[in-house]
Every structure is written in structure tokens, then in C-alpha cells.
Amino acid sequence: MNEVISGMQRTIMEALLPELSSPYAQGQAMSAILILSHAAMALESAPAYDAAEIKDLRATFAALKRLGNKHISKKSGLRGALAGAIGASAKNPPDRRAMEAAMAAFATAVALGDADESVARHVRGYIRRNLERSLNLLGNSLPTA
């Protein structure tokens with residue numbers, strides 16, 4: 001993929017940019033080159049990000065399981081979500097989509113106030129770490145509101 005991105009950058013620089021006469025169009029071409037550079041860096045970091053994400057999801061679900069059923073109400077459906085997440089994390093390779101779906105169920109319960117405080121603490125911790133990883137992956141270049 002990096003070869004494709006490098007080829008696109010080279011094409012913009014060597015073929016497109018010399019043909020552009022307006023400073024605005026030239027600036028846009030240079031911006032495209034910089035964005036492609038950023039994309040290449042993010043792609044290089046993605047495997048480490050994915051590994052850290054899976055490790056954190058596994059650890060968070062293991063911690064939630066250790067809390068026991070007294071902290072996870074049966075009617076909330078979170079026991080089933082947790083069982084599914086534990087099963088998904090044990091697969092080789094892990095089923096990240098199922099793990100993320102289970103985490104979404106837990107995050108929803110926390111947001112709605114339907115989760116025990118012990119559960120909420122683990123879920124909020126995961127969300128905080130996930131946001132930190134995402135910022136690192138994107139190079140802290142998220143647009144500000």
C-alpha cells in the first residue's frame with residue numbers, strides 16, 4: 001500500500017504539479033501530497049494499533065468477567081455480550097468485530113446509567129485508552145471543533 005501512496009505522491013509532484021498554473025491549485029496539490037504522507041504513516045502504525053486494541057479488549061473483558069454476575073445484571077443483556085466477547089477473544093485470530101460490538105453494548109449501558117459502577121469504571125477506562133491509541137495512530141491531527 002505504501003508503494004501505491006508513494007506512486008500517487010510522485011505522480012502529483014512530477015506530472016500534475018508542473019501543469020498547474022494557479023497558486024491555489026498548486027497549494028491543493030501540495031496538501032494532497034502531505035495528506036498522502038500522513039496516510040502512509042498511519043498505515044505503518046496500524047498493525048501495532050490493532051494488536052494493542054485486541055490486547056486491551058481482551059484484558060477489559062477478562063476484568064469484567066472477574067467482577068462476576070453480581071455486577072452485571074441478567075436483564076441488561078450484558079452477560080450475553082460478555083460471554084460472546086470472551087468467546088470472540090479466544091478465537092484465532094480473535095473476532096475483533098464481535099469484541100467491539102460487545103464493548104458497544106457495555107458503553108451504551110454505561111451511557112444510559114444501566115451499568116454497575118464497577119463495570120462502568122472498566123468500560124470508561126477502556127474508552128479512554130482507546131481514544132489515546134486513536135489519537136496516537138492519527139498523529140494527534142484530529143480536527144478541532
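So, where does α2 bend, and by about how many degrees? The bend is about 40°, at Ala46, and a proline, Pro47, follows within four residues. By bend I mean the angle between axes fitted to the seven residues ending at a residue and the seven starting there.

Quick caveats: this is a predicted model, where local features need pLDDT of at least 70 and side-chain atom pairs 80 or more, while totals for chains, interfaces and linings use all residues. Residues are numbered from 1 along each chain as its sequence is written, and side-chain values use heavy atoms, with hydrogens and water left out.

Helices here are DSSP runs (H or I, at least four residues), numbered from the N terminus. Helix α2 covers residues 23–67, and its end C-alpha atoms are 61 Å apart, which agrees with the 66 Å its 45 residues should span; that expected span is 1.5 Å times one less than the number of residues. After α2 comes Gly68, with a positive phi near 85°.

Now, salt bridges (a side-chain nitrogen of Lys or Arg within 4 Å of a carboxyl oxygen of Asp or Glu): there are seven. One of them pairs Arg129 with Asp56, closest N and O atoms 2.9 Å apart. That ties helix α5 (residues 117–137) to α2, across 73 residues. Asp56 is buried at 8% relative accessible area (buried is under 20%, exposed over 50%, partly exposed in between, 1.4 Å probe, protein chains only), whereas Arg129 is partly exposed at 27%.

Also in α5, Glu132 and Arg128 sit four residues apart, so about one helical turn separates them. Their salt bridge has its closest N and O atoms at 3.6 Å. And shared partners join Glu53, Asp56, Arg129 and Arg133 into one salt-bridge network.

Conventions
Helix = DSSP H or I, 4+ residues; strand = E, 2+ residues; numbered from the N terminus.
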